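Let's take a walk through this protein, starting with one helix and working outwards. Have the model open while you read.

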Amino acid sequence: MKTLCIVPARKGSKAIKDKNIQILNSENLFIHSLKFAKKLKFIDKIVFSSDSKRYIKIASKIKNIFTSLRPKKFSTDSALMVDVIKYELNKQKKYGNFFDFILILQPTCPFRKISDFEKGFKMIKKKKFDTVITITKSKEHPDRLKVFEKKKLVNYNKNLRNESLIPRQKLKPVFIRSGSMYLFNATLLKKGTIVGKNVFGIKVHDKYSINIDTKEDLILAKYYSKKR
């Protein structure tokens, strides 16, 4: 069973300009993911996928990394990760490379534990799960969320007839994908997804749950990077 690791890094970003090459601990953000991938013993090939020649040039400094300049249509705001992965897999097939599992490492998640990924690979190898992702406890509970419907504020959770006034501590914990690990069976791509129905979640906390999307996230990541 072979595993392909893809580190996708497009140059377009709105909240933070050139987000994927922001400097963290003297290195571009996506370099952290590439170096981490090389530490994982179960990875057979690492692909750095980008629409930027500049990014490709930077990534090429890392040895034993396959760099792939992908078409612009796979790097727009509306482009789907599934299509990016299919493109890279088809490119690998032309070289005679076939894979059973895919691991996506997003550059925006610079902090990871090798032990979490080793655990994830063991779980997916047992074939009881088709997907392993990292999750973190959500700060907001669905029972407290609101949406506007025809200018009227209503409960996001349609099952709630009345306002939920249950203390936060007594609400059932809910989790959100942290984004640092998407490990899945390659057959899921035929269904147009990278998250199947049999999902195993690995809980992450503190800096390991950071997914840089805003300037505030970047400031927090830099703070954690300076701590020993």
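What covers the buried residues of helix 1? Keep in mind that this is a predicted model. The cover includes four strands, namely strand 1 (3-8), strand 2 (23-24), strand 3 (27-28) and strand 4 (45-50), along with helix 2 (53-59) and helix 4 (114-125). Helix 1 itself runs over residues 29-39 and is mostly covered, with eight of its 11 residues buried. Those eight are Leu29, Phe30, Ile31, His32, Ser33, Leu34, Phe36 and Ala37.

**The wider picture**

Stepping back, the protein has five helices and 11 strands. Its C-alpha trace spans about 60 × 40 × 40 Å along the principal axes. The radius of gyration is 19 Å, which agrees with the value near 17 Å that a compact globule of 228 residues would have. Of the 228 residues, 45% count as buried. Take the contacts between residues at least 6 apart in sequence: 70% of them join residues at least 24 apart.

On the outside, the protein exposes about 14100 Å², and carbon and sulfur atoms supply 51% of that area. As for charge, there are 54 positive and 19 negative side chains, and the centres of the two sets lie 3 Å apart.

**Cysteines and a lysine**

How many disulfides does a search of the whole structure find? The count is zero. For Cys5, the closest cysteine sulfur is in Cys109, and the 13 Å between the two sulfurs is too far for a bond, given that a disulfide needs them within 2.5 Å. Looked at from the other end, Cys109 is in no disulfide either, with the sulfur of Cys5 as its nearest cysteine sulfur.

Is Lys19 buried or exposed? Lys19 is buried, because its relative accessible area of 15% falls under the 20% cut-off. You'll find Lys19 in the loop between strand 1 and strand 2. Leaving aside residues up to four places away in sequence, Lys19 touches Ser13, Leu29, Thr108, Ile212 and Asp213. Leu29 is also one of the buried residues of helix 1, so here the loop lysine meets the helix we started from.

Here are the two cysteines and the lysine side by side:

| Residue | Relative accessible area | Status |
|---|---|---|
| Cys5 | 0% | buried |
| Cys109 | 0% | buried |
| Lys19 | 15% | buried |

Notes:
Residues are numbered from 1 along each chain as its sequence is written. This is a predicted model: local features need pLDDT of at least 70, side-chain atom pairs count only at pLDDT 80 or more; totals for chains, interfaces and linings use all residues. Side-chain values use heavy atoms; hydrogens and water are left out. Buried means under 20% relative accessible area, exposed over 50%, partly exposed in between (1.4 Å probe, protein chains only). Helices (H or I, at least four residues) and strands (E, at least two) are DSSP runs, numbered from the N terminus. Contact means heavy atoms within 4.5 Å. The radius of gyration is taken over C-alpha atoms; the globule rule is 2.2 Å times the number of residues to the power 0.38. Accessible areas come from the Shrake-Rupley method with a 1.4 Å probe; for residues, only the protein chains shown count as cover. Lys and Arg count as positive and Asp and Glu as negative; His and the chain ends are not counted. The place of a charge is taken as NZ of Lys, CZ of Arg, CG of Asp or CD of Glu.
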